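Visitor: I should like to learn how to read the features of a structural model. May we go through one together, feature by feature?

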Amino acid sequence: AHPGRALFAVGLLGAAVAAWRWRSRRWSVAVVLVGCAAVYGWVRTVQPSNGRDWAPDLARAPWAEVAGSQVTLHEVRDFRYRSTTDWDEAWYTATYDTEALTGASFIVEPFSGVYGAAHTMVSFSFQDGRHVVFSVEVRREKGETFSAVGGLFRRFELAYVVGDERDLVQLRSNFRHDAVYLYPVKASKERVTAFFLDMVQRMNGLHAAPEFYNTLTSNCTTNLVRHFEKVATQDVPYDHRTLMPAFADALAYELGIIDTDAPLEQVRARYHINARALAAQGQDDFSQRIRAPETTATAPAP
């Protein structure tokens, strides 16, 4: 079992005891401080690992070999879903030429019913029509579910999942039924290439030396921001749009990373892909179909 679970349980028990002591004795502030320090110390002893009993969709950690402009990605995920719990498992190895990169897309998936919460990803496009997605996620163990609070206490390892859009995008739009927005990134080929290679380097680093996910400091969006800042000409402000990634597209709009030729709500409507994704379900040209011309429809509120 993950040792962080036991430590987290101990921490909760300690907090409950401290709260009871707080009510009963004035000097209990010392108990609270000592208890918090003890919990922090216990949590810091937990070490990340790549060797746990992982959930099937996170069982393989991707890694890459880089030779000049050629990047060979191993363990690219390409599951075929019948539901969120029923799928045909598939992984592949593929080589991509960074000289053939044609662009990138910023993907935002607001979570239904959870204000401000979302998942963000980046997809890279190549001249031969292929698209490969990088998704920063928690690496869940079998039977484990995500907890934002647990993500503050070293409960989950950090994962860079690499996959086909028919997996990582279609899962979210067609089977989880969350709104998905796919925005073309406005950046030079040189910056897109640098972004891609920086993500590959970080992915390889995690394959060799695992790290913990952190809900506030090392989540899907903060990791993407760090990659972007390495290749951008401007700093990214850390505000509610970083901590609440359902509004990350508003930040990208402000920075000119996505289209700014229309009000943000019209840009959102233009790149809201759910209807097109449903129509393209199971098709080999899924990626091309979800990149249809703009629409004047109204986008769902994030």
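Visitor: Is Arg60 buried, exposed or partly exposed, and what is its relative accessible area?

Guide: The model is a predicted one, which should be kept in mind throughout. Arg60 is partly exposed, its relative accessible area being 39%. Its side chain meets that of Glu75 in a salt bridge, at 3.1 Å from N to O. Glu75 lies in strand β2 (residues 70–77) and Arg60 in the loop between α2 and β1, so the bridge ties together parts that are 15 residues apart in sequence. Glu75 is also partly exposed, with a relative accessible area of 23%.

Visitor: How many salt bridges are there, and which residues do they join into one network?

Guide: The count comes to 25 salt bridges. One of them pairs Arg130 with Asp128, with 2.8 Å between the closest N and O atoms. Arg130 is partly exposed, at a relative accessible area of 30%. Through shared partners, salt bridges join Asp78, Arg80, Asp164, Arg166 and Asp284 into one network.

Visitor: Which parts of the chain does the pair of Arg52 and Glu157 link?

Guide: The side chains of Arg52 and Glu157 meet in a salt bridge of 2.8 Å, N to O. This pair links distant parts of the chain, 105 residues apart: Arg52 is in the loop between α2 (28–44) and β1 (63–67), and Glu157 is in strand β9 (residues 157–164). Burial is judged against a cut-off of under 20% relative accessible area. Arg52 is buried because its value is 18%, and Glu157 is buried with a value of 1%.

Visitor: Let us turn to the nonpolar interior. Which residues of the largest nonpolar core touch the most other members?

Guide: The largest nonpolar core has 49 residues, of which Leu73, Phe124, Val132, Phe134 and Phe196 touch the most other members. Helix α4 (residues 189–208) provides the largest share of this core, with 7 residues. There is also a second, separate core of 15 residues, and it includes Val169, Val180, Ile273 and Ala277.

Visitor: Where does Phe124 lie, and what does it touch?

Guide: Phe124 lies in strand β7 (residues 118–126) and is buried, with a relative accessible area of 0%. Leaving out residues up to four places away in sequence, Phe124 touches several residues, among them Leu101, Val132, Phe134, Val192, Phe195, Phe196 and Met199. A sequence separation can be set beside a distance in space: Phe124 and Val192 are 68 residues apart in sequence, and their C-alpha atoms are 8.2 Å apart. Phe196, with neighbours within four places left aside, is in contact with Val71, Thr98, Leu101, Phe124, Phe126, Val132 and Phe134.

Visitor: How should one read a helix, and which residues of α4 are buried?

Guide: An α-helix has 3.6 residues a turn, so residues three or four places apart point the same way. In α4, the buried residues are Val192, Thr193, Phe195, Phe196, Asp198, Met199, Val200, Met203 and Leu206. The length of α4 can be checked as well: at 1.5 Å a residue, its 20 residues should span 28 Å, and its end C-alpha atoms are 29 Å apart, which agrees.

Visitor: How many residues of helix α7 are buried, and what do they pack against?

Guide: In helix α7 (residues 248–255), 6 of the 8 residues are buried, so this helix is largely enclosed by the rest of the structure. They are Ala248, Asp249, Ala250, Leu251, Ala252 and Leu255. These buried residues pack against β6 (101–110), β7, β10 (181–184), α6 (240–243) and α8 (264–270). After α7 comes Gly256, whose phi is positive, near 75°.

Visitor: How is empty space found, and what lines the largest cavity?

Guide: Rolling a probe the size of a water molecule over the atoms shows where empty space is left. Here the count comes to 1 cavity of 30 Å³ or more. The largest cavity holds about 160 Å³ of space. Its lining has 17 residues, and Arg60, Ala61, Pro62, Ala159 and Tyr160 lie nearest its centre. β9 gives the most to this lining, with 5 residues.

Visitor: What is the volume of the largest pocket, and which residues are closest to its centre?

Guide: The largest pocket has a volume of about 670 Å³. It is lined by 29 residues, with Phe111, Ala118, His119, Phe146 and Tyr213 the closest to its centre. β7, β8 (131–139), α3 (165–175), α5 (220–231) and α6 each supply at least two residues of that lining.

Technical notes
Residues numbered from 1 in each chain as written. Predicted model: local features only at pLDDT ≥ 70, side-chain atom pairs only at ≥ 80, totals over all residues. Heavy atoms only, no water. Salt bridge = Lys/Arg side-chain N within 4 Å of Asp/Glu carboxyl O. Helix = DSSP H or I, 4+ residues; strand = E, 2+ residues; numbered from the N terminus. Buried < 20%, exposed > 50% of the residue type's maximum accessible area, 1.4 Å probe, protein only. Core = buried A, V, L, I, M, F, W, Y, C linked by side-chain atoms within 4.5 Å. Contact = heavy atoms within 4.5 Å. Expected span 1.5 Å × (residues − 1). 1 Å grid on protein atoms, 1.4 Å probe; cavity = no way out; pocket = protein on both sides within 12 Å on 5 of 7 lines; lining within 4 Å. Points joined across faces, edges and corners; volume = space filled by probe spheres on them.
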